[in-house]
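Please open the model in your viewer and keep selection by chain and residue number at hand, since each stop on this tour begins with something to pick out.

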Amino acid sequence: MLFFTRWKAAAILITAFLICLCAVPNFFPESTVKNWPSWAQRHVVLGLDLQGGSHLLLEVDSGAVRKERLQGLADDVLRVLRQARIPFTGRAIKGNSVEVHITRDTDVDNALAKLRELSTPLSGILGASGQRTVDVVQSAGLITLTPTDAALTERIRQAVDQSIQIIERRVNELGLVEPTIQREGVDRILVQVPGLQDPTRLKDILGKTAKLDFRMVDLSMSAQQAIETHPPADSEVLDGEGGAKFLVEKHVLVSGADLTDAQPGFDQRTSEPIVSFRFNSSGARKFAEATQANVGKPFAIVLDNKVIEAPVIREPILGGAGQISGRFTVQQVNDLAILLRAGALPAPLTIIEERTVGPGLGQDSITAGEHAAYAGAALVIIFMFVTYGLFGLFANIAVAINVAMIFGVLSLLSATLTLPGIAGIVLTVGIAVDSNVLIYERIREEVRGGRTAINAIDAGFSRALATILDSNITTFIAAAVLFYIGTGPVRGFAVTLGIGILTSLFTAFTLTRLIVASWVRMWRPRTVPI
Amino acid sequence: MRLLRIVPDDTRFDFMRFRRISFPISAMLSIAAIFLYFFHGLNFGIDFIGGTLIEVQTKAGPADLAKMRSTIGGLRLGDFQLQQFGAPNDVLIRISEQPGGDVAQQQAVQKVRDALGDEVDYRRVEVVGPSVSTELLAYGTIGLVLAIGAILIYLWFRFEWQFALGAMIANVHDLVLTVGFMSLTHIDFDLTSIAALLTILGYSLNDTVVIYDRIREMLRRYKRMSMPDLLNVSINATLSRSIVTHVTVAMSLLALLLFGGQAIHSFTATMMFGVVLVGTYTSVFIASPILIYLGVGTGRMGEAEEPEPPPEPQTQAASRPSQRVRARR
């Protein structure tokens, strides 16, 4: 156990040295590290609890996605049956399905064949997965179309992907530094913004779907009449500013998707804050056609199902540009311009978890963590020295290298350091010491058993190492589980605890042994000073 | 230099005698802990029951709790608590989960922000909606069960099944007592508590495994020694290590407890109780003696056909194959 070949000793020292070296970038300011080659830039990232910032977990409204999918399917059914000239009645959305009743029994087979075409194979990760997008079931004249769960999940997945892109654009427009935006599970998005102290505006921006439509106001009856009786089939009543109600056609003339640009500004005459926008070519053409046909009539600008304003078309708008002015504040105009430029979310997002830490608390936590680490290390170092003397000193060297290696590995992984993570490192000092304690106690025992010094050291190591392995694996399993189930700070604890166990195993099996072996070779001791 | 010997070298303490006391005591304490859990309850944090937690620091002078209480009370947000947190100008505001799903939680925070205005710094704002809190609780529970299961399987592979079972009983005992402690002290029970419980599990097992390792070694070496004697020798042999290690861990934890700040205070307090107090006691007084009841070592006597190796001739033992070679039958 105490014999090391030259190259083996060299390999151990070089490994330890290289891993420690990885921790170096953490000790230089960011501006210095930036000029280093990219492979040398990896460093520990401070968690939001230490550097301050906002953590928002958003959930895509899967109910809305489902509803939209059903509405789309119902529209498809209408289109297909009309094209095939098959008469039908009772097309309706019932629960999670679309139902349609085919009037003539002779048409049923034909209708079924046509409607089955709506169901396409769902492409899985490895090509066709055998699943289809829609289940089509027929009983007598009634045909039921149900989107499959797999297809809906796929839809939600797509909605999340789109949302992530749009959120990225919105967050970047706000000028926030180094935001992280990532998918969590199937229908969730995690947004983390370091240094953001008050996320109110961010939440406002993320919480808006920003679905902008230009539609005609339905003048066939007043909004009040429509509420009291029943609105026409192709129109709906929407809220406006200050409790006003509008009866608006469901048909969309031009949507926000056709915008190419939106900028905040001021109206030249009234100096009200406005958003001026520009359509792309197809949007401009559609808008021109619609305004030409409807001169003298009001149209509605609808944002997230709310009428912002309903101006009367005085003349055809052919230039493809326009402006929205609806009693906005300057801030609202800025936000609206950002939202319109970034595009509409495919489905509403809900904030289901928020964790914001101010910079003051973060700094306090760093200071607290540092103090605890120094105090813990000092106590342990003194205690080890008092208990094991020279060997205690060896243990302390091993522990110091161990902590440096933890930082090295954390840097290499660009891992996040949280306050519980610091606690994990402090605890690791306890674990790393334990390996040495196990070895030394075993050596003491062997000495008592009457062995010679070198013999006792050798036996102490070989017997203790098996125990060290066994006992550390159990703690490592706990750390692994914690990493798997934990989020944020807790995961940070699992990371440092896990890495700490690995590095302390490494030091116990190689470094401590090497140090003791070198000492034995140099001094040829007759007794063990332990 | 004379080195510190916390445990004298020739300690021969009869731990096994205590099993007639330690088992009933542990049983009683466990029952008490379970009673506490059901009748006193745990102080569940927002991670598990949802709601809002806001830590504010007043900008001018110490916080006026009464005024703050009436301000927030005026918002009609249901149950809420105000608590001094560390410094006199630090206040922790807890608001229970609002009816009306995830959106309602956000509205409540906004109301509080509007009401308290610029007089305070917002050091921390945490909002956990109902969907997340349910999940976190489920994940936490699953995690604990999973960890216990995984460790059991590992121990079962490395040792005999009795050892795995003994370790599990000891562990569940640790967790139950720690939960009882958390109920009694009304420490916040949140995600970090789950982390603390898992770490306690890991550490306590670590300790148990060290003793079990020694017991296994002794079982192979002394085939005729009676079980209680063998356990006693094993525990005494590892006692010094147990104590030194727990002193170092306790020192690390003490440093965290004193200097680590409020944010991890409940975490370290729980660990201190679980690792240092319960974990050590359990490995010595529960995990080891229970092996007798689980039938470890019965039938050894009959098998030992070969002459018993001379007691502790350590010089001879050196020529044995390394203990790492597993000698399972």
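Begin by selecting Thr356(A), and look across to strand 5 of chain B, where its bridge partner is Val125(B). Keep in mind throughout that this is a predicted model. In the same view, add Glu354(A), which stands opposite Val127(B) in strand 5 of chain B.

Now extend the selection to the two strands themselves: strand 19 of chain A, residues 349–357, pairs with strand 5 of chain B in the antiparallel sense, and five bridges join them. Strands of a sheet pair through backbone hydrogen bonds, so showing the backbone is a convenient way to follow the pairing.

Next, widen the view to the sheet as a whole, which is open and consists of eight strands in the order 9(A)-10(A)-2(A)-19(A)-5(B)-2(B)-4(B)-3(B), with antiparallel pairing. Which strands stand at the edges? They are strand 9 (180–184) of chain A and strand 3 (80–85) of chain B, and because each has a single partner strand, one side of each is left without a neighbour in the sheet. From one strand to the next, the twist averages 20°.

With the sheet still displayed, select helix 5 of chain B, which packs on it and touches strand 2 (53–60) and strand 19 of chain A as well as strand 5 of chain B. The direction of helix 5 of chain B makes about 70° with that of strand 19 of chain A.

From here, turn to the contact between the chains in full, in which 71 residues of chain B meet 67 residues of chain A. Among the elements that give two or more residues to the chain B side are strand 2 (51–58), helix 4 (101–116), helix 7 (191–221) and helix 9 (265–287) of chain B. Helix 8 of chain B supplies the largest share of that side, 14 residues. Colouring the chain B side by residue class gives 37 nonpolar, 21 polar and 13 charged residues.

Two loop residues make the last stops. Select Asn305(A), in the loop between strand 16 (299–303) and strand 17 (306–309) of chain A, where phi is near 60°, a positive value in a residue other than glycine. Is Asn305(A) buried or exposed? Asn305(A) counts as exposed, because it has 12 C-beta neighbours inside 10 Å, and the cut-off for exposed is 12 or fewer.

Finally, go to His186(B), in the loop between helix 6 (161–185) and strand 6 (188–189) of chain B. Phi of His186(B) is likewise positive, near 60°, and His186(B) is exposed, with 12 other C-beta atoms within 10 Å.

Note on methods: Residues numbered from 1 in each chain as written. Chains lettered and ligands numbered in written order. Predicted model: local features only at pLDDT ≥ 70, side-chain atom pairs only at ≥ 80, totals over all residues. Contact = placed C-beta atoms within 7 Å. Helix = DSSP H or I, 4+ residues; strand = E, 2+ residues; numbered from the N terminus. Nonpolar A, V, L, I, M, F, W, Y, C, P; charged D, E, K, R; others polar. Pairing = 2+ DSSP bridges. Axes fitted to C-alpha atoms, helices over the stretch in contact; angles between N-to-C directions. Buried ≥ 20, exposed ≤ 12 C-beta atoms within 10 Å, placed from the backbone.
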